[in-house]
Amino acid sequence: RDGWLHTNDLGWMDEEGYIYLGGRADDLIIRGGENISPQEIEEAVYSHPAVDEVAVVGVDDLEWGQVPRAVVVLKQGAQATAEEIMEHCHSRLASFKRPRAVVFVDSLPRNPLGKIIKRELRDKYGKK
């Protein structure tokens with residue numbers, strides 16, 4: 001359309017013309033009018049020593065529209081609680097970006113190329 005290929009990817013261009021990708025528009029979490037990038041939350045959760053993999057999805061919320069939920073795979077033999085993961089994010093994220101819930105799973109759904117299928121996670125964990 002209008003000479004552009006629309007991919008639903010989000011990104012920005014710096015002063016020198018370099019393009020940076022920052023996620024996908026359909027993955028954005030909109031909480032009280034604020035756009036939250038799941039990638040930023042995922043990076044904070046990944047920094048916990050017990051976390052092997054994480055994906056963050058928006059959960060429907062009557063008051064805020066959506067709130068973040070982290071779907072976490074722990075490292076083999078590691079232990080952590082949902083409260084511990086959320087507390088770990090306390091100093092790393094603004095309060096409105098912190099996950100309001102953590103779900104532990106054995107593995108994340110992936111497509112044949114190895115990408116996490118967030119649509120499946122939203123379908124399964126995106127409801128209260």
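**Helix α1 and its surroundings**

In helix α1, the residues P38, I41, E42, A44 and V45 are buried. Seen down the axis of α1, these buried residues fall within an arc of 160°, so they line one face of the helix. The model you are looking at is a predicted one, and helix α1 is a good place from which to begin reading it. What covers the buried residues of α1 includes the strands β3, β4 (residues 34-36), β5 and β6, together with the helices α2 (residues 82-90) and α3.

To place these elements, it helps to step back to the whole chain. The protein chain has three helices and seven strands, and from the N terminus on its elements run β-β-β-β-α-β-β-α-β-α. Of its 128 residues, 36% count as buried. The C-alpha atoms fill a box of roughly 50 × 35 × 30 Å, taken along the principal axes. If one takes the contacts between residues at least 6 apart in sequence, 51% of them join residues at least 24 apart.

Helix α3, which spans residues 118-125, can be read in the manner of α1. Which residues of helix α3 are buried? They are K118, L121 and Y125, and because they cover an arc of only 55° around the axis, they are on the same side of α3. On the other side of this helix, R119, D123 and K124 are exposed. The cover over the buried residues of α3 includes α1 (residues 38-46) and the strands β5 (residues 51-61), β6 (residues 65-74) and β7 (residues 101-104), so that α1 is part of what covers α3, just as α3 is part of what covers α1.

Charged side chains add a further link between these two helices. How many salt bridges does the structure hold? It holds four, and one of them joins E42 to K118, with the closest N and O atoms 2.6 Å apart. E42 lies in helix α1 and K118 in helix α3, so the pair ties together parts that are 76 residues apart in sequence. Both partners have already appeared among the buried residues of their helices, and the numbers show why: E42 counts as buried because its relative accessibility is 12%, and K118 counts as buried because its relative accessible area is 13%.

Another salt bridge is formed where the side chains of E53 and R110 meet, at 1.9 Å from N to O. This pair also links distant parts of the chain, since E53 is in strand β5 and R110 is in the loop between β7 and α3, 57 residues apart. Here the partners differ in their surroundings, for E53 counts as buried at 18% relative accessibility, whereas R110, with a relative accessible area of 37%, is partly exposed.

Strand β5 also contributes D60, which forms a salt bridge with K127, the closest N and O atoms being 3.9 Å apart. D60 in strand β5 and K127 in the segment after α3 are 67 residues apart, and so this pair, too, links distant parts of the chain. At 38% relative accessibility D60 counts as partly exposed, while K127 is exposed, with a relative accessible area of 51%.

Not every buried charged residue has such a partner. R31, found in strand β3 (residues 29-31), is buried yet has no salt bridge, and the nearest side chain of opposite charge, that of D61, is 6.7 Å away. A salt bridge requires a side-chain nitrogen and a carboxyl oxygen within 4 Å of each other. Leaving aside residues up to four places away in sequence, R31 touches I36, W64, Q66, V67, F96 and R100.

D27, in the loop between β2 and β3, leads back to the two helices. At 17% relative accessibility D27 counts as buried, and, again leaving aside residues up to four places away in sequence, D27 touches P38, K118 and R122.

Finally, one can turn to the surface, where the protein chain exposes about 8,400 Å², with carbon and sulfur atoms supplying 50% of that area. On this surface W12, Y18 and Y20 form a nonpolar patch, which has about 370 Å² of accessible area together. Of these residues, Y18 lies in the loop between β1 (residues 9-13) and β2 (residues 19-24).

Key:
Residues numbered from 1 in each chain as written. Predicted model: local features only at pLDDT ≥ 70, side-chain atom pairs only at ≥ 80, totals over all residues. Heavy atoms only, no water. Helix = DSSP H or I, 4+ residues; strand = E, 2+ residues; numbered from the N terminus. Buried < 20%, exposed > 50% of the residue type's maximum accessible area, 1.4 Å probe, protein only. Lys, Arg positive; Asp, Glu negative; His and termini not counted. Contact = heavy atoms within 4.5 Å. Arc of directions from axis to C-beta. Patch = residues over 30% accessible without salt bridge, like charges linked within 9 Å, V, L, I, M, F, W, Y side chains within 5 Å. Areas by Shrake-Rupley, 256 points an atom, 1.4 Å probe, with all protein chains shown as cover.
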